[in-house]
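Ready to practise reading a protein model? Keep the sequence and the picture side by side, and try each task before you look at the solution.

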Amino acid sequence: RDWKPWHVAIAWERAYQGWYLLEATGPGVKINYFADLFLEYRTKSFQWLGKSPTGKQMGLFLEANINKAYDVAIYFWTSLAIIIRHYFNRPIPKLLDQRFSCWELVAEFCADMGKPIVSKYDIIIITDLLRALEAKIDQ
């Protein structure tokens with residue numbers, strides 16, 4: 001199947017015939033349930049961390065980030081980062097804020113669990129995340 005990513009989330013907890021995913025969407029950072037059948041045909045899964053985080057690590061991350069606002073401004077900063085990377089081959093630093101896009105949330109989770117997927121201080125672009133994940137699969 002031809003997979004085109006537009007959203008990323010964290011597989012949070014296995015449930016009866018599905019999964020709870022931690023994700024950042026318009027309403028903010030939430031845990032939402034998705035049925036296995038939906039996930040099988042509409043998603044692709046990756047393992048980045050190597051080992052599962054402890055319940056305590058996950059609880060602390062959830063407590064610190066649940067209900068944070070969605071980061072609408074990231075689309076402007078991402079566009080600017082792409083242009084600057086392309087023309088000047090330089091990263092632009094991530095502004096410290098308390099909002100998340102889906103890819104910012106995943107990157108923050110990986111960093112907090114001790115295995116950063118991209119630099120925490122660069123504007124993250126979803127393609128950075130996907131390149132890192134695909135490279136790990138190809139190893």
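The exercises below deal with a predicted model.

**Exercise 1. Describe the overall fold and say where the model is most and least confident.**

Step 1. Begin with the elements: there are five helices and three strands in the chain.

Step 2. Now put them in order. Along the sequence the pattern reads β-β-β-α-α-α-α-α.

Step 3. Look at contacts between residues at least 6 apart in sequence: 61% of these join residues at least 24 apart.

Step 4. Check the confidence. The mean pLDDT of the chain is 82, and 82% of its residues reach 70 or more. Helix H2 (residues 55–65) has the highest mean, 96, while helix H3 (residues 74–88) has the lowest, 72. Where pLDDT is low, the predicted coordinates should not be read in detail.

**Exercise 2. Work out how the buried residues of H2 are arranged, and what covers them.**

Step 1. List the buried residues of H2: they are Met58, Phe61 and Asn65.

Step 2. Look down the helix axis. The buried residues of H2 fall within an arc of 65 degrees, so they line one face of the helix.

Step 3. Recall a general rule. An α-helix has 3.6 residues a turn, so residues three or four places apart point the same way.

Step 4. Turn to the face of H2 that points away from its buried side. Here you find the exposed residues Gly55, Lys56, Leu60 and Glu63.

Step 5. Find the cover. The buried residues of H2 are covered by elements including strand E1 (10–15), strand E2 (18–25), E3 and helix H4 (102–112).

**Exercise 3. Decide whether phenylalanine 61 and alanine 9 are buried or partly exposed, and find what each one touches.**

Step 1. Phenylalanine 61 sits in helix H2. Its relative accessible area is 2%, and buried means under 20%, so phenylalanine 61 counts as buried.

Step 2. Leave aside neighbours within four places in sequence. Phenylalanine 61 is then in contact with Trp12, Leu22, Leu105, Glu108, Phe109, Asp112 and Met113.

Step 3. Take one of these partners, glutamate 108. Phenylalanine 61 and glutamate 108 are 47 residues apart along the chain, yet their C-alpha atoms are separated by 9.2 Å.

Step 4. Now move to alanine 9, in the segment before E1. With a relative accessible area of 31%, alanine 9 is partly exposed.

Step 5. Not counting residues up to four places away in sequence, alanine 9 touches Leu21, Leu22, Glu23 and Val106. Between alanine 9 and leucine 21 the C-alpha distance is 6.2 Å, and they are twelve residues apart in sequence.

**Exercise 4. Find the residues that form a nonpolar patch on the surface.**

Step 1. The patch is made of Tyr20, Ile31 and Tyr33, which together have about 250 Å² of accessible area.

Step 2. Pick isoleucine 31, which lies in strand E3 (residues 28–35). Isoleucine 31 is partly exposed, at a relative accessible area of 32%.

Step 3. Compare this with the whole chain: about 9,200 Å² is exposed, and carbon and sulfur atoms supply 59% of it.

**Exercise 5. Locate glutamine 17 and asparagine 67, and give the phi of each.**

Step 1. Start from the general rule: most residues other than glycine have a negative phi.

Step 2. Glutamine 17 lies in the loop between E1 and E2. Although it is not a glycine, glutamine 17 has a positive phi of about 55 degrees.

Step 3. Asparagine 67 belongs to the loop between H2 and H3. Its phi is also positive, about 70 degrees, although asparagine 67 is not a glycine.

Definitions and conventions. Residues are numbered from 1 along each chain as its sequence is written. This is a predicted model: local features need pLDDT of at least 70, side-chain atom pairs count only at pLDDT 80 or more; totals for chains, interfaces and linings use all residues. Side-chain values use heavy atoms; hydrogens and water are left out. Helices (H or I, at least four residues) and strands (E, at least two) are DSSP runs, numbered from the N terminus. Contact means heavy atoms within 4.5 Å. Accessible areas come from the Shrake-Rupley method with a 1.4 Å probe; for residues, only the protein chains shown count as cover. pLDDT is the predictor's confidence in each residue, from 0 to 100. Patches are made of residues with over 30% relative accessible area and no salt bridge: like charges are joined within 9 Å, nonpolar side chains (Val, Leu, Ile, Met, Phe, Trp, Tyr) within 5 Å. A salt bridge is a side-chain nitrogen of Lys or Arg within 4 Å of a carboxyl oxygen of Asp or Glu. Buried means under 20% relative accessible area, exposed over 50%, partly exposed in between (1.4 Å probe, protein chains only). The arc is that of the directions from the helix axis to the C-beta atoms.
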